[in-house]
Structure formats: C-alpha cells, structure tokens
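Trainee: I'm new to this one. Can you walk me through it?
Mentor: Sure, have a look.

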Amino acid sequence: MNKYLFLGFLALVISIGAFIFTAEPLSYMSTEASTCNNCHVMETAYENWYHGPHQKVTECVDCHLPHDNLINYWFQKGKTGLHDVFYFSAGLTPELIRAKPEAQEIIQANCIRCHKETVEAIIMGPQAFDRHCWDCHRTVA
C-alpha cells in the first residue's frame with residue numbers, strides 16, 4: 001500500500017474517532033430533550049419547555065418531528081440535525097430562532113395529533129381554524 005494513501009487513511013480514521021469521542025453523534029439519535037440543549041442557543045427554549053406543562057409528557061421530537069411514518073421521521077431528524085449543526089458551527093445561527101415554514105407545518109400537525117379532542121371542539125365552535133396553535137398559545141413550549 002502506498003505510504004501516503006496509508007497516512008491519509010490513518011488521518012481519516014483518527015479524525016472520525018476524535019469526532020465520535022468529542023461530539024457523541026450517536027446521542028443525537030435519541031429523543032432526550034437534554035441532547036437538543038447541547039447548543040447554547042437552545043437554552044431559552046429548553047428552559048421554557050423544562051418549566052412548562054409539556055415537560056412531563058413530551059420531548060422535543062414529539063413536537064418538532066413528523067410522526068406519520070418512520071422514514072419521514074428519520075429523514076427529518078437527519079435533515080434538521082445537519083441544518084442545525086451547519087448553522088451553529090458556521091456561526092450563522094440568528095439571535096431569534098424561528099421555525100421554518102416546513103417545521104411549522106410539522107409542529108402544527110403534532111399539536112393537532114396530541115390535542116385532537118380539543119381541536120375538534122374548537123373547529124366545531126365559533127373559532128376560525130386558520131392560524132397556528134401558537135398564535136394564541138405563545139407561552140407553550
């Protein structure tokens with residue numbers, strides 16, 4: 001084997017090993033809310049969730065990932081995770097974090113999924129159902 005090819009391969013293995021040791025990437029496959037809080041930019045959202053009523057019954061993934069099928073769930077988890085890692089690592093994270101339209105659709109669907117009976121009562125009543133749940137429930141994390 002070529003000496004330079006071997007050294008390049010060795011450097012790659014050492015780099016991947018160092019990444020796995022320091023970043024613990026497998027932990028990001030979990031559903032633990034504390035994992036989502038690894039980036040300091042999420043501290044406010046994490047504290048809001050932790051001290052709120054949803055903390056007893058949900059994790060971040062319950063609201064922020066689709067639950068229609070496993071393929072979509074894992075695809076969105078990977079896509080969102082890579083997006084977040086890139087923006088955080090590149091220093092592009094905005095001061096005020098807002099969900100993208102695609103994420104808003106997922107969150108809205110999960111609000112409805114978990115609170116189906118309440119939502120049905122609202123739809124059947126005088127309330128127009130043309131806005132997101134958090135338009136009224138701003139303090140819910």
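Mentor: We'll go through the salt bridge, then a buried residue, then a surface patch.

Mentor: This is a predicted model: local features need pLDDT of at least 70, side-chain atom pairs count only at pLDDT 80 or more, and totals for chains, interfaces and linings use all residues. Residues are numbered from 1 along each chain as its sequence is written, and side-chain values use heavy atoms, leaving out hydrogens and water.

Trainee: How many salt bridges does a search of the whole structure find?
Mentor: One. The term means a side-chain nitrogen of Lys or Arg within 4 Å of a carboxyl oxygen of Asp or Glu.

Trainee: Which side chains meet in it?
Mentor: E102 and K79, at 2.9 Å, N to O. The pair links distant parts of the chain, 23 residues apart: E102 is in helix α6 (residues 101-114), K79 in helix α5 (residues 70-89). Helices are DSSP runs (H or I, at least four residues), numbered from the N terminus.

Trainee: New topic. Is N110 buried or exposed?
Mentor: Buried, because its relative accessibility is 5%. Buried means under 20% relative accessible area, exposed over 50%, partly exposed in between (1.4 Å probe, protein chains only). N110 is in helix α6 too.

Trainee: What does N110 touch?
Mentor: D62, C63, H64, L65 and H67, not counting residues up to four places away in sequence. Contact means heavy atoms within 4.5 Å.

Trainee: And where does I20 lie?
Mentor: In helix α1 (residues 3-23). I20 is partly exposed, with a relative accessible area of 45%.

Terms used
Helix = DSSP H or I, 4+ residues; strand = E, 2+ residues; numbered from the N terminus.
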